[in-house]
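This report introduces a protein to someone who has not seen it before. Please look at the sequence and the structure first.

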Amino acid sequence: MTENNLLLAFYGDDFTGSTDAMEALASNGYRTILFLELPLPEMLEKFNGVQCIGIPGTSRARNPEEMEQELQPIFEFLFKLKTDVIHYKTCSTFDSNPEVGSIGKAIEIALDYTEESQKTVPIFVATPPLGRYTLFGNHFAKMYDTVYRLDRHPTMSKHPMTPMNESDLRVHLNKQFQTPKQIGLMDVVELSGDYSDVKEVYEQKLTSSNDIVLLDGMDNSHCQKVGRLLWEKGQEGLRFVVGSSGVEYALTAEWNRQGLQVSSNKKEQTKIPAANQVLVVAGSCSPITKNQIEMAIEAGFVGIQVSPQDIINKDELPKDLLDKVIKHIKNDKSVILYTARGPEDPAISETRKLFDEMGIEKRESGELIGSQLGKWTLEIMKATNIRRIIAAGGDTSGFVTKELKLFALEMILPIDPGVPLCCGYSSDPTINGIEIALKGGQMGSPEFFTKIKEATSSEAASLNYITLK
């Protein structure tokens, strides 16, 4: 890979959202690698024909000081790359607040690295393929067959860490800056005209006193115009963009219009067989994950709930628990190792009580749970050689991949929107090439776990399993 091939580089504020962005790119024919650590030049050279790279992180779960420590070296790396667009990828529900996962703080940090010519930051959060819409600045999210305004969404309005009690993204975001910003809006009416008229309005908003311009989005026609605006202005120096994977869907629409796919990007062709069994580790307590757990158990998966005592015991592995999981896997069963079944599970309050007694802050709980699940996953894999894994939960996914010592991910197959099956790359030959899906709490159909188990390619899929020394 050479830097000149890059169309886009992005940082994702959690791991599941990063695979969502990768899927939007790869499904449209643009080879994308997620590097789970900052890649050295020699590592970049191992991946030929890559057009987009991403770096997933954990800023969504961090306080402002921790965000600075994490984001500064990443932005320094990204802004040195020869690419026309640099994207800070947020969740498609934009959940954040001044204390945890502040998107405003991320923008302030990034502005230290942008070119002087960039006076305004465009933000695009709408993602119609995922059921996320922005209308006159207010954001909406689909859950099953119903679209809810964000502050009335059954899950996001009650999120344990970042409850969304404001649907106007301008109001919500402005609470996260040290000093208020002028946030302009490019609404659906302004996006609905001929492109020449749309571009003229956008230029006016960029040259006014706006620090930020939020772009509405309701359908693919809006995405196509937004993608063209972002790409054209990126080539003029307005490189830094904030938003959901809607940014990737918008940009790929424009790239496809221009024919920027690289036909010479040939990779090894291989058929992907279905898995005999999978291991699911779930730290998510969302109602969607609850339904997925229950549907999988009905389909024959073995469900094993983690004891809160096992979670807080960081000094030794829960031998009895792991032995039970390993026994089931060796008996050809798929296993779900989960912390809670939905937001009403009594285990949540019991775990929280133990955390309080230990002085563990609420925002630190995700890291502890995810790290423990990651360590246990590694032990189970070593004992059983199971090769297809699902991590459910944004924090859980990040820490599981860290404990497995994966350094990169690449999409193998799309499954449900935003949650592809991926190949995991590791310097450990026993881990390299594993199949892994990272699922956010709000993502996936009720049958998602079974879909991952049964996922197979009817035709040869393009892969590039690299061998590491």
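The text below goes from the whole chain to single residues.

## Basis

This is a predicted model, in which local features need pLDDT of at least 70 and side-chain atom pairs count only at pLDDT 80 or more, while totals for chains, interfaces and linings use all residues. Residues are numbered from 1 along each chain as its sequence is written, and side-chain values use heavy atoms, with hydrogens and water left out.

The pLDDT is the predictor's confidence in each residue, from 0 to 100. Its mean for the protein is 89, and 94% of the residues reach 70 or more. Over residues 465–469 the pLDDT is below 50, and this stretch has 15 contacts in the model beyond near neighbours in sequence. Contact means heavy atoms within 4.5 Å. Where pLDDT is low, the predicted coordinates should not be read in detail.

## The whole chain

The protein has 15 helices and 20 strands. These are DSSP runs numbered from the N terminus, with helices (H or I) of at least four residues and strands (E) of at least two. The radius of gyration, taken over C-alpha atoms, is compared here with a globule rule of 2.2 Å times the number of residues to the power 0.38. For this protein the radius is 21 Å, close to the 23 Å that the rule gives for 469 residues, so the protein is as compact as a globular protein of that length. Along the principal axes, the C-alpha atoms fill a box of roughly 65 × 50 × 40 Å.

Among contacts between residues at least 6 apart in sequence, 77% join residues at least 24 apart. Of the 469 residues, 60% are buried. A residue is called buried under 20% relative accessible area, exposed over 50%, and partly exposed in between, using a 1.4 Å probe and protein chains only. The protein exposes about 18800 Å², and carbon and sulfur atoms supply 47% of this area. Accessible areas come from the Shrake-Rupley method with a 1.4 Å probe.

There are 49 positive and 64 negative side chains, and the centres of the two sets lie 4 Å apart. Lys and Arg count as positive and Asp and Glu as negative, while His and the chain ends are not counted. Each charge is placed at NZ of Lys, CZ of Arg, CG of Asp or CD of Glu.

## Ile-74 and Ser-59

Helix α3 (residues 64–80) holds Ile-74. Ile-74 counts as buried because its relative accessible area is 8%. Leaving out residues up to four places away in sequence, Ile-74 touches Tyr-11, Leu-38 and Ile-55. Its C-alpha atom is 9.8 Å from that of Phe-10, a residue 64 places away in sequence.

Ser-59 sits in the loop between β3 (52–56) and α3. With a relative accessible area of 0%, Ser-59 is buried. Outside its neighbours within four places, the contacts of Ser-59 include Tyr-11, Asp-13 and Met-67.

## Pro-122, Gln-292 and Gln-372

Where is Pro-122? Pro-122 belongs to strand β5 (residues 121–124), and at 1% relative accessibility it is buried. Among its contacts beyond four places in sequence are Tyr-202, Val-213, Leu-230 and Phe-240. Pro-122 and Ile-183 are 61 residues apart in sequence, with C-alpha atoms 9.6 Å apart.

Gln-292 is part of helix α9 (residues 287–298) and is buried, at a relative accessible area of 0%. Gln-292 and Ser-445 are 153 residues apart in sequence, yet 7.4 Å apart from C-alpha to C-alpha. Ser-445 is also one of the residues that Gln-292 touches, and others include Lys-439, Met-443 and Phe-449.

Gln-372 lies in helix α13 (residues 365–384). It counts as buried because its relative accessibility is 3%. Beyond four places in sequence, Gln-372 touches Asp-310, Ile-311, Asn-313 and Lys-314.

## Two residues with positive phi

The table lists two residues other than glycine that have a positive phi.

| Residue | Phi | Loop | Relative accessible area |
|---|---|---|---|
| Phe-136 | about 50° | between β6 (132–135) and β7 (138–143) | 40%, partly exposed |
| Asn-385 | near 65° | between α13 and β16 (388–392) | 59%, exposed |
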